[in-house]
Structures are given as structure tokens and as C-alpha cells.
Amino acid sequence: MFRILVVDDDKNTRWLTQTILETEGYQVFCARDGEEALALLDREYIDLVVLDIMMPKLDGYGFTRALRAANANLPILMVSAKQLPADRNRGFRLGIDDYMVKPVDEEELLLRIKALLRRARIASERKIQIGDVTLDYDSMTVSRAAGRSAASEVPLDGRQTQTLPPKEFLLLYKLLSYPGKIFTRIELMDEIWGQESNTGWETVTVHIGRLRKRFEGWPEFEIVSVRGLGYKAVKKV
């Protein structure tokens with residue numbers, strides 16, 4: 001289930017947006033301003049943010065600036081009553097991914113969210129396909145054909161499936177969502193475990209080691225260490 005954070009100081013807007021998204025099967029978290037949203041991101045794994053501009057304490061621009069300064073690639077859909085091109089342009093310069101003007105059309109909102117999730121390589125069906133390998137976000141499983149005919153390449157005897165612990169799955173899913181992209185240990189630690197986690201970045205190294213051991217016989221992908229930088233996933237098919 002995708003996890004979406006709605007950030008808006010208007011109670012009715014938060015409630016309406018939450019209702020629309022939950023009806024479509026999303027898990028929704030809400031915050032009243034940018035400061036509250038940043039604190040929530042330290043505790044929860046979020047897939048996408050729906051963000052207002054005009055808010056007390058920390059507005060939408062300040063929230064976006066802080067998030068991008070931390071090198072977070074979290075998709076941001078800014079939704080505001082501000083209609084001037086200068087307002088849109090400022091948001092895009094700071095790092096938002098899309099912009100809508102209030103009042104929003106419900107269907108368009110949902111379509112834009114699905115498009116943003118696709119662009120983030122988180123497929124709309126909540127799966128990543130790499131050759132015969134399937135990563136299923138909802139069940140946190142990784143599966144592949146257990147046997148193939150050399151002539152037809154058709155699976156003969158079902159699928160080999162592994163159910164991963166949540167952190168291992170989210171780590172693998174993140175890497176394979178952006179094949180070839182290098183992530184530092186700190187980036188992965190902050191995004192998967194949260195910036196206020198009591199564990200050190202060495203935890204990432206331990207989890208990478210476990211993933212490599214789990215999938216050492218799977219030729220479809222590989223997790224590669226980049227000396228002095230971090231890790232990346234490499235697709236082999």
C-alpha cells in the first residue's frame with residue numbers, strides 16, 4: 001500500500017484529500033504545516049507528499065527546500081490557490097515535481113499522483129518486474145520462475161518466493177526502483193529508517209549483506225558497492 005503525506009493547514013482540505021486518497025486504497029498521513037510534516041517523515045516511510053504553500057511555522061516552499069537539502073527524492077505534488085506563473089516557477093526551482101491550483105479536480109488529482117509514482121519508478125500496480133523476477137510492494141515478496149524450459153523460456157514448476165522483512169524489502173525496492181543510481185549509506189538510512197533513528201549507517205551495510213546472501217543465485221540483478229560512495233542496483237536482463 002502506498003503511503004501519502006497530506007500537508008495543509010486547513011482542516012477541511014486535509015479531511016477531503018484524505019478521504020479521496022483512502023477511497024483509492026492509499027494509506028494517508030496528515031500534517032498541519034511544514035515543521036509537523038518534517039517531524040512525521042522522521043518516523044514514517046512516505047511514498048509521496050501532497051503539499052500546500054501557505055501554512056504557519058514552515059510553509060510549502062520552506063518544507064521543499066529542507067527536504068531537497070537533505071537529498072531526499074520524495075515526489076512532491078504542490079497544491080495551492082496561488083495561480084501566478086511565478087508561484088509555480090518558484091516551487092519547481094525548489095524541487096517540487098508537479099503543481100495543481102485549488103480547487104482541484106478529484107480525478108485529475110488521482111491521475112497526477114499515479115503519474116508521479118510511476119515517474120519515481122514505483123509502478124502503479126505496486127510491482128517491479130526484472131525479467132522473471134517480481135517485487136511485490138503490497139506483500140513485500142520477491143519471486144521468480146523456479147524452473148524454465150530452455151526452448152520456450154516458459155516457467156515449468158511455479159515460482160520461487162521469498163517474503164522479506166520490511167526494511168530489507170524497502171531497501172531492495174528503493175535500489176531497484178532506480179537501477180544504476182548510486183545511493184549513499186546516509187541517504188538510504190535517512191529514507192528507510194528515518195533521520196532520528198538510533199541505529200547507525202552500519203545498519204545499511206548489514207542489510208545489504210543479507211540481501212546479497214538471499215539473492216546470490218539470482219542472475220537478474222546485483223547490488224554493487226561503489227567505493228567511497230555507497231550502493232547501486234544493476235539489472236542484468
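**Two sheets and the helices around them**

Strand 10 and strand 12 (residues 230-235) pair in the antiparallel sense, over two bridges. Pairing here means that DSSP finds at least two bridges between two strands. Strands are DSSP runs of E with at least two residues, helices are runs of H or I with at least four, and both are numbered from the N terminus.

Before I go on, a word on the source. This is a predicted model, in which local features need pLDDT of at least 70 and side-chain atom pairs count only at pLDDT 80 or more, while totals for chains, interfaces and linings use all residues. Residues are numbered from 1 along each chain as its sequence is written, and side-chain values use heavy atoms, with hydrogens and water left out.

Back to strand 10. In the pairing with strand 12, phenylalanine 183 stands opposite tyrosine 231. The sheet they belong to is open, has three strands in the order 10-12-11, and is paired antiparallel. Strand 10 and strand 11 (221-226) are at the edges with a single partner strand each, so one side of each has no neighbour in the sheet.

Just before strand 10 (183-184) there is a loop coming from helix 6, and proline 179 lies in that loop. Is proline 179 buried, partly exposed or exposed? Its relative accessibility is 31%, so proline 179 counts as partly exposed. The cut-offs are under 20% relative accessible area for buried, over 50% for exposed, and partly exposed in between, using a 1.4 Å probe and protein chains only. Between proline 179 and tyrosine 26 there are 25 Å in space, C-alpha to C-alpha, and 153 residues in sequence.

Now helix 6 itself. In general, two packed helices are described by the angle between their axes and the distance between the axes. The axes are lines fitted to C-alpha atoms, for helices over the stretch in contact, and the angles run from 0 to 180 degrees between N-to-C directions.

Helix 6 (residues 166-177) packs against helix 7 (residues 185-193) at an angle of about 125°, and the axes are 10 Å apart. The two helices are therefore oblique to each other. On this scale, under 35 degrees is roughly parallel, over 145 roughly antiparallel, 65 to 115 roughly perpendicular, and the rest oblique. The crossing of helix 6 and helix 7 is right-handed. Right-handed means that the near helix is turned clockwise from the far one by less than a right angle, and left-handed means anticlockwise. Helix 6 brings Lys167, Leu170, Leu171, Lys174 and Leu175 to the contact, and helix 7 brings Leu188, Glu191, Ile192 and Trp193. Contact means heavy atoms within 4.5 Å. By class, there are six nonpolar, no polar and three charged residues in the contact of helix 6 with helix 7. Nonpolar covers Ala, Val, Leu, Ile, Met, Phe, Trp, Tyr, Cys and Pro, charged covers Asp, Glu, Lys and Arg, and the others, Gly among them, are polar.

Helix 6 also packs against helix 8 (residues 202-214), at an angle of about 80° and with the axes 10 Å apart. That makes these two helices roughly perpendicular. Among the residues in contact are Leu171 and Leu175 of helix 6 and Ile208 and Leu211 of helix 8. This contact divides into six nonpolar, one polar and four charged residues.

Next, the other sheet. Five strands form an open sheet with parallel pairing, in the order 2-1-3-4-5. Its edge strands are strand 2 (27-31) and strand 5 (98-101), each paired on one side only. On average, neighbouring strands in this sheet are turned by 20° against each other, direction ignored.

Which strand pairs with strand 1 (residues 3-7) over five bridges? That is strand 2, in the parallel sense. Arginine 3 has glutamine 27 of strand 2 as its bridge partner, and leucine 5 stands opposite phenylalanine 29. Five of the five residues of strand 1 are buried, so the strand is largely enclosed by the rest of the structure. Arg3, Leu5 and Val7 point one way, and Ile4 and Val6 point the other way.

Helix 5 lies across strands 1, 3, 4 and 5, and runs at about 175° to strand 5. Helix 1 (residues 11-23) and helix 5 (residues 106-119) cross at roughly 65°, with their axes coming within 11 Å. This crossing is right-handed. Thr17, Ile20 and Leu21 of helix 1 meet Glu106, Leu109, Leu110 and Ile113 of helix 5. Five of the residues in this contact are nonpolar, one is polar and one is charged.

Last, asparagine 12, which is in helix 1. Its relative accessibility is 58%, so asparagine 12 counts as exposed.
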